[in-house]
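Visitor: I would like a close look at one helix and what surrounds it. Please start with the helix itself, then work outward.

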Amino acid sequence: MIRLSLLAVSGRGPRRSCARVLAAAISMARLAAIPVMTHCSPSIASKPLGNLLCFQPCLMATASMDVEAGRKGSDRKGFYQELILAYKTLGVVFGGLVTSPLYVYPSMNLTNPTEEDYLGLYSIMFWTLTLIGVVKYICIALNADDHGEGGTFAMYSLLCQHANISILPSKKIYTEEEQGSTAPARAVVPRRPSKLRSFIERSLTARRLLLMTAILGMCMLIGDGILTPAISVMSAIDGLRGPFPSVSKPTVEALSAAILIGLFLLQKYGTSKVSFMFSPIMAAWTFTTPVIGVYSIWRYYPGIFKAISPHYVVRFFVANQKRGWQLLGGTVLCITGAEAMFADLGHFSKRSIQIAFLSGVYPSLVLTYAGQTAYLITHAGDFADGFYKFVPRPVYWPMFAIATAAAIVASQSLISATFSVVKQSVALDYFPRVTVVHTSRSKEGEVYSPETNYLLMLLCVGAVVGFGDGKDIGNAFGVVVVMVMLITTVLLSLVMLIIWGTHSALVALYLVPFLLLEGTYVSAVCTKIVKGGWLPFAVSLVLALVMFGWYYGRQRKAEYEMANKVTLERLGELVVGAHRVPGLCLFYNSMQLIQEEEQVGWLTPVLAHYIRNVRSLHRVTVFLTLRYLLVAKVDAKDRVAVRRLGPRGVYACTVQYGYADPLREEEEDGLAELVVRALREHVEEEDEAAQEVEEAREAGVVHVRGKTRFHVTGDTGFFDRVLLGFYEILHGACRSALPALGIPLQQRVEIGMLYKA
C-alpha cells in the first residue's frame with residue numbers, strides 16, 4: 001500500500017504542482033495495482049479552507065475523471081462491437097428480407113397494370129415495410145426478449161415467468177428476483193394483476209390455447225424456414241433464362257437443389273463463421289441494388305416518391321376492389337424474413353439488428369422497390385421478371401452473380417432461426433430430443449442441430465423439385481409469413497398488458513391497426529392455400545402433432561411417477577437392506593428434491609425397482625435432477641443446489657438450466673465434476689464426509705438413468721392407446737438424454753421399467 005501524507009500548502013502555484021504530483025502518484029499506483037491511502041496532517045485540518053489544500057477532493061476528482069474516461073472508452077469499444085455485429089447480421093438475419101425484390105413482382109398475377117396500379121402497389125409495400133418492419137419489430141418486438149432470446153416461444157416463456165399461466169407442472173417459473181438479476185431487459189411494472197391475466201390464470205382452456213398459439217407460431221416459423229431457401233435460390237437461378245432462353249426448368253431446378261445442398265452442408269461450422277463468409281455478399285447486394293434503383297428512378301420516373309402518400313393505397317383499392325385485395329398476397333412477400341429479426345435475436349443483439357435495419361436494409365428496400373416500380377411504369381408488361389429486367393444491361397452479369405450469391409445467403413436467416421426455436425422447444429420438453437451443438441463459446445445462442453438441418457435440406461429440395469416454379473412457391477410462402485406475424489402481434493399484446501403494464505388504450509392503439517393490417521393480409525393469402533399454400537400448413541400441423549404427442553406422453557409419465565413416488569422414509573428402508581459398494585453414483589431423478597431451499601420428499605419409482613433387483617447402492621449416491629427453467633439463462637451461482645438426505649452418503653442435487661444454456665459443461669469430466677465440486681463445498685466442514693466424497697470420486701463415477709416405457713393393455717382407452725403408442729415411437733427414435741450431457745459411454749447405465757398406461 002502507498003500512503004500519501006499531505007502537508008499544508010498555500011499559494012496557487014504549489015497547490016497546482018502538488019495536485020499534479022498526487023494525481024501522477026495515484027495513477028502510477030493504480031497501474032501497478034497498489035492500494036492508495038491519503039492522509040491529511042492535523043495542521044491542515046485546522047487551517048482555513050481558502051488557504052489550505054486537502055487533497056481528498058483532488059483524489060476523488062482524479063478517480064472520477066478516470067472512471068468517466070474508462071466509461072467513455074468502454075462505450076466506444078461497445079459501439080464498435082455493435083457495428084461489427086450489425087455487419088454480421090447482414091449475412092444471417094436480413095438475407096430473406098433484403099432479397100425479396102427478386103420475387104415480389106414476379107409473384108403477382110397482374111393483368112394489364114396501369115401507372116396508378118404500380119403507384120398503389122409501391123405505396124402498399126412502403127407502408128408495409130414501415131409499419132411492420134420499423135414500428136412493430138424494430139421499435140417494439142425486439143424489446144420483448146427473454147434474456148436476449150427472441151421468437152414466439154421466448155415470448156411464451158416470458159409470459160410464464162410473470163403470470164401463473166404455464167401448464168407445465170414439472171417446470172418451475174424462475175423469475176428475475178430469484179435469479180438475482182440486476183435489471184431486466186425492460187422495466188416490469190409492479191401492479192395489481194389485470195382482469196385478462198386473472199382470466200387466463202383461472203381458465204385451463206385459455207392457457208392451453210395460449211400454448212398452442214406459441215407452438216403454432218414456432219411450427220409456422222419452421223415452415224417459413226423450408227420455403228425461404230427454395231424461393232430465394234430458384235428466383236435467382238431463374239435469371240439465367242433471360243439471356244439464355246434455352247435453359248430449361250429442370251436445369252434451374254437441378255442447379256437450385258445443388259446449391260441448397262451445399263448451403264445446408266455449411267451449417268455445421270456455426271453462425272459466426274457462416275456470417276463471416278456471407279456478410280460481404282449481402283453487403284454488396286444491400287448497397288448495390290439501391291444504386292440501380294436510384295438510376296432507374298432518375299431515368300424512368302423521377303416522381304415515384306409521391307406514391308408514399310397513403311391516398312394512393314385508397315385509390316388502388318377503389319379502382320381494383322376484389323382484384324386489389326387478391327394482389328395483397330403478392331405484396332406481403334416484401335416483408336418476408338422480418339420475423340427472423342426477432343427469432344435470430346439470440347445469435348446477435350437488439351442494438352446491432354436495429355443499426356443494420358435502419359441504416360442499411362430499410363433504405364435499400366425502399367429505394368430498390370422504388371426503382372423497380374419506376375421501371376415497370378414505363379414497361380408495364382415486364383412484371384413477370386420484375387428484377388432482372390430493370391437491371392441495366394452493362395451490369396447485368398455482375399448483378400446476376402451478386403443476386404445468385406445473395407439468394408443463397410438469404411436462406412440463412414430462417415435456417416438459424418429454426419435451429420434456435422428447436423433448441424428452445426427441446427429444452428422445455430415440448431419436442432423429442434435431437435442433437436444440439438453450441439458452435440460458439442462466447443455466444444450461447446448460436447446453435448446447430450444436425451437432424452434438423454438435414455430434415456430441412458430434404459424438405460427444401462423437395463419443395464424445389466415438387467413445385468418447380470418460383471411463382472408456385474411464392475403462393476405457398478406468403479401464407480406462413482403473415483400467419484407468423486399475426487401470432488407475434490397477439491403474443492406481443494399480452495406481453496404489453498401482463499408484463500410491461502402498458503395502459504390498455506395504448507395496447508389497443510398498437511393491436512387494432514396491426515390486427516387489421518395483418519388480418520387483411522391473412523384473408524388475401526388464404527386464397528393461395530389450394531395453389532400451394534397447403535404445404536406449410538401441412539408441415540406445421542405435422543410438427544404440432546409431434547409436439548403434442550411428445551408432451552402428452554411426458555405428462556402421463558410425470559403423473560405415474562407422482563402416483564408411485566418413493567418417499568424419503570421408503571428410501572431409508574431400501575438403503576438399509578442394500579449393500580454399499582465403492583464409487584460415486586449419479587442417479588438421474590425426474591422429480592424435484594430441492595425446491596425453495598426445502599427438501600421435497602419423493603424420488604422416481606425407478607429407484608425402488610433398481611434397488612429391489614440389484615440389492616446394492618454406491619457408497620456416495622447423488623439423486624440428480626436436471627431442471628430446464630422457463631428462462632433463457634441461469635446465473636452460475638444458482639446453477640447447482642445440494643442437500644443431504646437421511647441415509648449416510650446419500651445426497652440430492654439439482655442442476656438448473658435455461659433453454660439457452662449449454663448442457664455440456666466446460667470442465668474436463670463435465671457434469672460429474674460440476675456435481676463433485678458442489679458436494680465438496682457442501683461437506684467442506686465435515687472431514688469424514690469430505691474424505692468419503694473424494695474416495696468415491698477416485699473409485700469411479702457411474703451415471704444411472706431410468707429407461708421407462710408405457711405398457712399398453714386391453715384396458716387402456718383408445719385415445720391413450722393412440723397417443724401413447726405415438727409417444728413410444730417418438731421416444732424410441734429420439735436420442736438419449738445422457739449423450740447430450742457429454743457423458744462417456746462406459747460410465748452410462750440404463751435401468752428399464754414398464755409403466756402401466
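Guide: Start with the cover over helix α13. The elements lying over its buried residues include α5, α12 and α20. This is a predicted model. Helix α13 spans residues 322–331. Its buried residues are Gly 324, Leu 327, Leu 328, Gly 329, Gly 330 and Thr 331. An α-helix has 3.6 residues a turn, so residues three or four places apart point the same way. In α13, Gly 324, Leu 327 and Leu 328 are among the buried residues.

Now take two of the covering helices, α5 and α12. Helix α5 covers residues 115–140, and helix α12 covers residues 311–320. Two packed helices are described by the angle between their axes and the distance between the axes. Here the axes come within 8 Å and cross at roughly 125°. An angle over 115 but not over 145 degrees is neither roughly perpendicular nor roughly antiparallel, so α5 is oblique to α12. The crossing is left-handed.

Next, the residues at that crossing. From α5 come Glu 116, Asp 117, Leu 119, Gly 120, Leu 121, Ser 123 and Ile 124. They meet Tyr 312, Val 313, Arg 315, Phe 316, Phe 317 and Asn 320 of α12. By class, this contact has 7 nonpolar, 3 polar and 3 charged residues.

The third covering element named here is α20. Helix α20 runs over residues 504–525. A loop links α20 to α21, which spans 534–563, and Thr 527 sits in that loop. Thr 527 counts as partly exposed because its relative accessibility is 33%, between the 20% and 50% cut-offs. Its C-alpha atom lies 9.2 Å from that of Val 479, and the two residues are 48 apart along the chain.

A second loop makes a useful contrast. Ser 349 belongs to the loop between α14 (338–343) and α15 (350–378). Ser 349 is buried because its relative accessible area is 16%, under the 20% limit. Beyond its neighbours within four places in sequence, Ser 349 touches Glu 82 and Leu 85.

Last, step back to the whole chain. The secondary structure comes to 27 helices and 14 strands. The chain has 757 residues, and 54% of them count as buried. Among contacts with a separation of 6 or more, 83% join residues 24 or more positions apart. The chain exposes about 32,400 Å², with 62% of that supplied by carbon and sulfur atoms.

Terms used
Residues are numbered from 1 along each chain as its sequence is written. This is a predicted model: local features need pLDDT of at least 70, side-chain atom pairs count only at pLDDT 80 or more; totals for chains, interfaces and linings use all residues. Side-chain values use heavy atoms; hydrogens and water are left out. Helices (H or I, at least four residues) and strands (E, at least two) are DSSP runs, numbered from the N terminus. Buried means under 20% relative accessible area, exposed over 50%, partly exposed in between (1.4 Å probe, protein chains only). Axes are lines fitted to C-alpha atoms, for helices over the stretch in contact, and angles run from 0 to 180 degrees between N-to-C directions. Angles under 35 degrees count as roughly parallel, over 145 as roughly antiparallel, 65 to 115 as roughly perpendicular and the rest as oblique. A crossing is left-handed if the near helix is turned anticlockwise from the far one by less than a right angle, and right-handed if clockwise. Contact means heavy atoms within 4.5 Å. Ala, Val, Leu, Ile, Met, Phe, Trp, Tyr, Cys and Pro count as nonpolar, Asp, Glu, Lys and Arg as charged, and the others, Gly among them, as polar. Accessible areas come from the Shrake-Rupley method with a 1.4 Å probe; for residues, only the protein chains shown count as cover.
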